[in-house]
Amino acid sequence: MTDTDAEQGPGGEPADENKLIAERRAKLAALRERGTAYPNDFRRDALAGQLQQAFGERTGEWLEANPTRVTVGGRMLLKRVMGKASFANIADRTGQIQLFLQKDALGEPLYEAFKSWDVGDIVGATGVLFRTRTQELSVRVERLRLVVKSLRPLPDKWHGLADLETRYRQRYVDLIVNETSRNVFHTRARIVRYLRDFLDALDFVEVETPMMQPIPGGASARPFVTHHNALDMQMYLRIAPELYLKRLVVGGLERVYEINRNFRNEGLSTQHNPEFTMLELYLAYADYRDLMDWIEKAIRGLAQAVHGSEQLTYQGRRYDLAKPFRRVTVEEAILEHNPQLERAELREAGYLRRACERLGIPVQPHDGPGKLQIEIFEKTVEHTLFDPTFVCAYPAEVSPLSRANDQDRFLTDRFELFVAGRELANGFSELNDPEDQAARFRAQVARKDRGDEEAMFYDADYVRALEYGMPPTAGLGVGIDRLVMFFTDSPSIRDVILFPHLRPESP
């Protein structure tokens with residue numbers, strides 16, 4: 001019988017979990033009495049995946065002629081007891097291997113003890129590799145140990161962990177039973193490693209900047225607030241590392257990047273988590289067009305590294321990353337999707353306010369034409385941008401850290417990259433005029449005074465840094481979580497964050 005069969009009621013329904021836990025605790029108590037609970041002296045010399053790779057093509061005859069003794073260990077995911085012989089599958093970080101256990105080889109006391117072990121227990125085994133009648137590579141066990149007693153039953157093997165909230169809340173169980181989830185986080189690690197290698201090869205320096213800041217800056221967002229007792233001062237969890245990274249460019253670190261957490265006190269959704277990972281980089285003697293070329297090349301390289309192809313599928317839709325990414329301005333995109341709007345009126349606040357009202361877009365009294373343009377863009381355009389698209393020429397009103405366009409001061413030299421209807425990256429030529437930056441900060445403070453909780457603070461030290469002189473610089477932020485969503489075909493940001501934020505559990 002299987003361990004799953006043992007954990008069902010007489011009618012085949014799942015047995016009461018509390019009863020199962022009580023039974024397992026009783027087994028643990030017996031182990032404690034014998035002094036064998038939670039040993040720490042077991043060591044393995046082989047991993048399942050490595051054995052499959054090294055011996056997967058060897059025949060049973062070859063294995064018999066070349067006996068290979070191994071010690072393996074892992075979590076027992078399957079158990080089949082058949083009289084004097086049994087099978088078990090154990091999993092380690094590289095995969096699974098089957099154990100073949102015989103009463104005659106182990107001795108009756110140990111074999112009987114094994115029959116009482118549960119799926120979920122962590123076991124260690126030593127034996128010789130061979131092939132079963134079904135040609136499965138297996139270990140004929142000579143020695144066996146119970147390394148860890150699992151007190152809670154795993155989810156039913158056929159249904160896995162189906163409830164999404166339980167998967168997110170108990171990620172440790174999700175990773176045990178769902179190979180797809182494990183693969184997502186392995187892929188995430190590969191993506192971050194690729195980006196690091198890409199930048200290191202271009203002579204960038206990886207740095208770390210403060211997570212707690214006296215003045216939050218670098219983005220328009222509502223911060224989390226905390227208090228530092230020793231200094232008796234209010235601090236903020238950072239919303240972006242931008243202003244610190246650009247201080248480093250002033251100091252002569254002309255190519256810098258950071259991959260780390262940002263914190264924004266905003267809502268939860270399939271695209272938003274209040275704690276998220278960003279790659280942010282700064283490159284001296286470059287502009288926003290250089291960055292568009294860079295990120296396009298990097299995403300193609302990522303596709304090759306992760307999928308071996310520049311064509312992939314996300315949520316049922318095919319994407320061809322080999323094609324040049326489209327480039328369009330904010331105003332062009334708005335007019336494409338809102339043909340009723342007049343180009344000549346796109347910078348007139350009253351006209352845009354009335355357009356927002358017709359579209360059901362709530363606006364604030366202090367919103368100017370640039371902010372109103374972006375409200376219309378986000379409502380009517382953003383979700384339609386499936387194929388990779390650079391949207392350029394953002395209004396200065398919503399880009400307080402971007403360099404103004406030399407030909408049109410209403411606009412900035414800024415872009416956002418959209419894929420699958422969501423923003424993946426934001427980049428621009430940096431504003432390095434200290435007097436212009438001071439004026440932009442003052443305008444942000446005025447917005448904050450009028451009730452805009454996402455407006456920026458005035459950062460006098462950053463202005464002082466610019467007064468020493470920052471070379472022409474381009475900066476880029478890439479949302480790692482959303483990038484991983486795209487490359488792992490994950491519909492929600494919670495699928496790619498190991499421990500996403502959730503509401504408290506119900507008592």
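Biologist: In this predicted model, is Glu375 buried or exposed?
Modeller: The relative accessibility of Glu375 is 18%. The cut-off for buried is under 20%, so Glu375 counts as buried.

Biologist: Which residue does the side chain of Glu375 meet in a salt bridge?
Modeller: The contact runs N to O over 2.6 Å. Both partners lie in helix 14 (residues 369-380), four residues apart, so about one helical turn separates them. The partner is partly exposed, with a relative accessible area of 21%. It is Lys371.

Biologist: Which residues do salt bridges that share partners join into one network?
Modeller: Shared partners link the individual salt bridges here. The network consists of Arg24, Lys27, Asp118, Asp121 and Lys149.

Biologist: How many residues apart are Arg247 and Asp459, whose side chains meet in a salt bridge?
Modeller: The N to O distance of this salt bridge is 3.2 Å. Arg247 is buried at 18% relative accessibility, and Asp459 is buried at 6%. Arg247 sits in helix 10 (residues 242-250), while Asp459 sits in the loop between helix 15 (434-449) and helix 16 (460-468). The pair links distant parts of the chain, and the separation is 212 residues.

Biologist: Which strand holds Arg69, the salt-bridge partner of Glu142?
Modeller: The side chains of Arg69 and Glu142 meet at 2.9 Å, N to O. Glu142 belongs to strand 5 (residues 137-148), and Arg69 is 73 residues away from Glu142. Arg69 lies in strand 1 (residues 69-82).

Biologist: How many salt bridges does the structure hold?
Modeller: The pair Glu142 and Arg69 is one salt bridge, and Lys371 with Glu375 is another. The total for the structure is 36.

Definitions and conventions: Residues numbered from 1 in each chain as written. Predicted model: local features only at pLDDT ≥ 70, side-chain atom pairs only at ≥ 80, totals over all residues. Heavy atoms only, no water. Salt bridge = Lys/Arg side-chain N within 4 Å of Asp/Glu carboxyl O. Helix = DSSP H or I, 4+ residues; strand = E, 2+ residues; numbered from the N terminus. Buried < 20%, exposed > 50% of the residue type's maximum accessible area, 1.4 Å probe, protein only.
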